[in-house]
Amino acid sequence: MLTLLLSSLLFMNGQVLPSEPVNPPKPYGAIPSERQLKWHEMDAYCLIHYTPTTFQNKEWGYGDASPKVFNPTNFDANQIANAAASAGFKGLISVAKHHDGFCLWPTATTTYSVASSPWEQGKGDMVKDFMTATHANKMKFGVYLSAWDRNDTRYGTAAYAEAYRAQLTELMSNYGELFTSWHDGANGGDGYYGGLNEKRTIDRNTYYAWEEKTWPIVRKLQPMAMIFSDVGPDMRWVGNEKGFAGETSWATFTPEGLDGKKAVPGSVNEKTLTSGVRNGAYWIPAECDVPQRPGWFYHAEQDAQVKTPDQLFEIYLKSVGRGANMNLGLAPMPSGQLHENDVKSLAAFGKKVRKTFENNLAQGAQIKASTIRGNAVKDYGTQFLLDEDRYSYWATNDAEHQATLDIKLKGKQTFDIVQIRENIKLGQRLDSVIVEHKVNGQWKLLAKATSIGANRLMKLENTITTDELRMHLFAPVAITLSDFGLYKEFNEPFAFEHTGLKKMNANQYIPAVFTESAKAIDHNEQTFASVPAYEGGFIFEIKDDVDGFGYLPRQDGQTAGIATKYKIYTSDNNQQWKLLKEGEFSNIKANPILQQIVFDQATKAKYIKFVPTETLTKNVFTVAEFELYSK
Ligand code: FUL
């Protein structure tokens, strides 16, 4: 190899120059498709949840809402698309049908759609309106079609599976070029099902015939659409709804099913979703979906809990900055527009990202590599680290699997983010990198990272000022690196009006039972109570009017004992109880956030009782915190 390389070199002006082009390194492992490359270039986009469920103040519609409730008074797709574009998002996905089964377009497959609603006298097509507004704001469009349908009486039979594919065909045919077809894994369970109100289970491995019949529809009609499901095939769920990819998150992945079966949407070994798999069989990068509010749908009581620009920026660093993409959930109000807090936060987040990354402080630096592939500076030199092209790169020879870059900045620079990228057309090659800076003449560790891929943003604990850096790189093959950047996070004050529910103080109520469950009222979100016998419920003696009740599920990442259904009772004597409210904690497994139950009016009763009526694990109920609220 070496002799071959040397024989192709000439000496000219004392410099070793290659006489003929040096071959580029061979790609390593699984590599992205053209479709995936285009998707990586998008970085971030949004997902809009707006269906009858919005009007019911729920997170999962049961499928029983009358189409008559779907009557926005002020729907404005452009207000929503414009807010997303102001945040720098590159795409919008319309939830064309959520689990409640209501279709936002006039489908031929069911009457449960906009065509039966009063909105635009049943003549409207909301998917089309979102598409038009998305394109007008220079973004790409996509659709989400829930496989689970709690309205359709055919759910569970072959007829529904056919209808589902017919719906997909309509969406893939009539809404321009789509960048994604988004399919979530939640399916099967109880629902309205045409009035039968029962539980239906399906065989997740066979029912939807994903590979045989369903994905081919997308491939045929929308070849550039990325198919999302928790197992791919084009991008995978990141395993949480916080928006965070793993500190190590490989774009390569090998889907693993459960119980020795094949991996399919809704039935996958979730353990490796967050981290991916080094040298996995396929290129299936993570997508980090996270709602802008605590839940995916609009709830007025959450107006003060809209994520701030700083929170969104943290998500950006831990998704886009970990080689994944960010998918932010937008939740319009029943009126049909985003709340002003959401709009304000999106615009400020957009400004923050723009200002942070507009100025690469490494520009003008001199970067000396320990080695350059075939000494071909023109083809593989370090100048490519500072150009705007994410596919041009500096490279080492095939036998060199460790290298060092010495970086002399143009004067002293102050920064707190280090960015690097690989040219992913050649695969995910780097195992790890270490960045050092000089302190009192000594090299000291500044940052390190694994799984680089499409993008890596290393946020430093402290802002530093220096004019000299060094980076060590490690890979199992020739090293290639395409970009190097230094940035300073842009900050400015931000606040929105805080309205809504107020947590009651401990002196406004007395928990009545609670020996085992003391941890549920210790004001420490990290501890949790685990209670084996909970059917009798949890009683609070109250001294003030109560407007709502809160249940925070355990926050340790485990799901055992989390409640999925509840009843709340009131009493004046702690003996006779009256049912005040009952419901489900939809989507709590994937998104274990604080569940706030708002009463229609304040209760003046002396006692209030919370009963978990269904939990994720039989015979155990877990709770991090109970809260009571007043207005
Ligand atoms: C999940 C659904 O169950 C949630 O309601 C939401 O739509 C989220 C984006 O996907 O699987």
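Helices and strands are named here as DSSP runs, counted from the N terminus, with a helix holding at least four residues of type H or I and a strand at least two of type E. In these terms Asn279 is placed in the loop between β11 (252-253) and β12 (282-283). The model described here is a predicted one, and the residue Asn279 has a positive phi of about 60 degrees although it is not a glycine. A second residue of this kind is Asn197, a residue other than glycine whose phi is positive and near 40 degrees. Asn197 belongs to the loop between β7 (189-191) and β8 (198-200), and its relative accessibility of 44% counts as partly exposed. Most residues other than glycine have a negative phi, and most peptide bonds are trans. Against this background the bond that joins Gly232 and Pro233 may also be noted, for it is a cis peptide bond with omega about 15 degrees. Pro233 itself is found in the loop between β9 (226-228) and β10 (236-237).

The domain assignment divides the chain into domain 1 (37-357), domain 2 (359-487) and domain 3 (502-630). Domain 1 and domain 2 have C-alpha centres that lie 36 Å apart, and the contact takes 20 residues from domain 1 and 21 residues from domain 2.

Within the bounds of domain 1 (37-357), helix α8 spans residues 309-319, and its buried residues are Pro309, Leu312, Phe313, Ile315, Tyr316, Leu317 and Ser319. An α-helix has 3.6 residues a turn, so residues three or four places apart point the same way. The buried residues of α8 pack against the strands β13 (286-291), β14 (325-330), β17 (402-421) and β20 (456-474), and also against helix α9.

Helix α9 covers residues 340-357 and holds Lys352. Although lysine is counted among the charged residues, Lys352 has a relative accessible area of 3% and is therefore classed as buried, the limit for that class being under 20%. Apart from neighbours within four places in sequence, Lys352 is in contact with Pro309, Asp310 and Phe313, and also with Glu489, Phe490 and Asn491. Of these partners, Pro309 and Phe313 are among the buried residues of helix α8.

The partner Phe490 lies in the loop between β22 (483-487) and β23 (502-503). With a relative accessible area of 23%, Phe490 is partly exposed. Residues up to four places away in sequence being left out, Phe490 touches Lys351, Lys352, Lys355 and Thr356. Although Phe490 and Thr356 are 134 residues apart in sequence, their C-alpha atoms are 5.0 Å apart in space.

A ligand is surrounded by 13 residues, of which His49, His98, His99, Tyr144 and Asp184 come nearest. The shell of residues around the ligand is made up of six nonpolar, four polar and three charged residues. Oxygen atoms of the ligand take part in several polar contacts: one lies 2.8 Å from an N or O atom in the side chain of His99, one lies 2.7 Å from a polar side-chain atom of Asp184, and one lies 3.5 Å from a polar side-chain atom of Asn587. The ligand on its own has 290 Å² of accessible area, and the protein covers 95% of this.

Asn240 occupies the loop between β10 and β11, and at 15% relative accessibility it counts as buried. A polar atom of the Asn240 side chain lies 2.8 Å from the backbone nitrogen of Lys242, while the side chain of Asn240 also reaches the backbone oxygen of Phe244 at 3.0 Å. Beyond its neighbours within four places in sequence, Asn240 is in contact with Thr274, Asp289 and Ala590.

Ala563 is found in strand β28, which comprises residues 563-571, and its relative accessibility of 0% counts as buried. When neighbours within four places in sequence are set aside, the contacts of Ala563 are with Tyr551, Phe585, Ile588, Pro612, Glu614, Thr615 and Phe621. The C-alpha atom of Ala563 is separated by 42 Å from that of Gln419, a residue 144 places apart from Ala563 along the chain.

Conventions: Residues numbered from 1 in each chain as written. Predicted model: local features only at pLDDT ≥ 70, side-chain atom pairs only at ≥ 80, totals over all residues. Heavy atoms only, no water. Near = heavy atom within 4 Å. Polar contact = N/O pair within 3.5 Å; in protein donor to acceptor, adjacent residues only side chain to side chain. Areas by Shrake-Rupley, 256 points an atom, 1.4 Å probe, with all protein chains shown as cover. Buried < 20%, exposed > 50% of the residue type's maximum accessible area, 1.4 Å probe, protein only. Contact = heavy atoms within 4.5 Å. Domains from an automatic or database assignment.
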